[in-house]
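Let's take a friendly walk through the charged side-chain pairs of this protein. Please have a look at the sequence and the model first.

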Amino acid sequence: EWQEQRSTIHHSTIAMLKFVSGAVALRPAALLCRSATTSRSAATSGRAVRSSVARAIQQQRNISLFSKSKPQEDVTAVVEEDAKAIVASVLEPVLNPPTSFTVPVFDWAKNQVGTVELPKHIFGVRVRPDLLHRYVVWHRANKRLGVAKMKSRSEKSGAARKIRPQKGQGKARTSTIRAPQKRGGGRAIPKRQKDWSFKMSIKTRHLALKSALASKFAQNKLVILNDTEAGMSGKTKDLEASLKNWGWDSVALATQPGNNEKIVRASRSNIKVKTFAHSHWNVYDILKKKTLVLTPKALEWLAQQYPPLGVPKPAL
């Protein structure tokens, strides 16, 4: 299935690049991809690739690479080579899932202290960008307060009588001082308090979490620390030195079960680090930060709470 999707998306991408460079005339790549795509997942991935490739082409239009004065053979060969590079960079986490799930375990001093096996049913799932987008929209919508409130003409203070007679004074017709066209009057279409939140199923949220974890692992942005509290003094400057030693400028850190007072206190005033409890996973924080840091105990909790299909969840 992976090979079929990769071949379909690759050919549609080359068709789009040829269309822009003049190698193919009046044959949109969208039609080519629709005719060649047979599965729903391939169509979804194809649309994502076409949008990414279109942005890349927009930036390279002025390069002499796509000039029509070049021979047809040279343009086609270079286009195919560039298409392979673009597809590899855009769909690396989607079409090339990792094969080995054994990762090293480090301490804060960047010394390897062992290895750990990641749960394949969590970190080996296919990345779903559509679910990640739905989760981010759901999360941000739930955080909206929706407390904006303006007054209409019926809620403004002031008399409701007519300011002056309709006729006889040579002036424009007018009504009350609370009318929307008057200074200090009510709004014609006032803002009201609104609940922006909407529901999202638990299964969808769990699958979005697995997709976020799998994407970090596929992009080599996942680091396993043996203990988040070991070596921490609770001071922000010490945590900043550790981040500089690792080369991290944006980190999402899942604390381990138990006491996490030092790491929480040290990262409280540091905008580079976002800490969350091992039992309160947030896909939005995982995606917002570049690097994800976990502990072996957090991995154990993940494996217990999200078992493979057919395995019952352990009782609390």
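What follows is a short report on salt bridges in this predicted model.

How many salt bridges are there? The count comes to six. Three of these pairs are set out below.

| Pair | Closest N–O distance | Relative accessible area of each partner |
|---|---|---|
| D130 and R128 | 2.8 Å | D130 29%; R128 24% |
| E240 and K272 | 2.8 Å | E240 29%; K272 29% |
| K290 and D249 | 3.5 Å | K290 48%; D249 45% |

Let's begin with D130, which forms a salt bridge with R128. D130 is partly exposed, and R128 also counts as partly exposed, because buried means under 20% relative accessible area and exposed over 50%.

Next, the side chains of E240 and K272 meet in a salt bridge. E240 sits in helix α9 (residues 236–246), while K272 belongs to the loop between α10 (261–267) and β5 (273–276), so this pair ties together parts that are 32 residues apart in sequence. E240 is partly exposed, and K272 is partly exposed too.

K290 and D249 make another such pair through their side chains. Here K290 is found in the loop between α11 (283–288) and β6 (291–294), and D249 in the loop between α9 and β4 (251–254), so the bridge links parts that are 41 residues apart in sequence. K290 counts as partly exposed, as does D249.

Finally, there is a network to look for: K149, E155 and R192 are joined into one by salt bridges that share partners.

Definitions and conventions. Residues numbered from 1 in each chain as written. Predicted model: local features only at pLDDT ≥ 70, side-chain atom pairs only at ≥ 80, totals over all residues. Heavy atoms only, no water. Salt bridge = Lys/Arg side-chain N within 4 Å of Asp/Glu carboxyl O. Buried < 20%, exposed > 50% of the residue type's maximum accessible area, 1.4 Å probe, protein only. Helix = DSSP H or I, 4+ residues; strand = E, 2+ residues; numbered from the N terminus.
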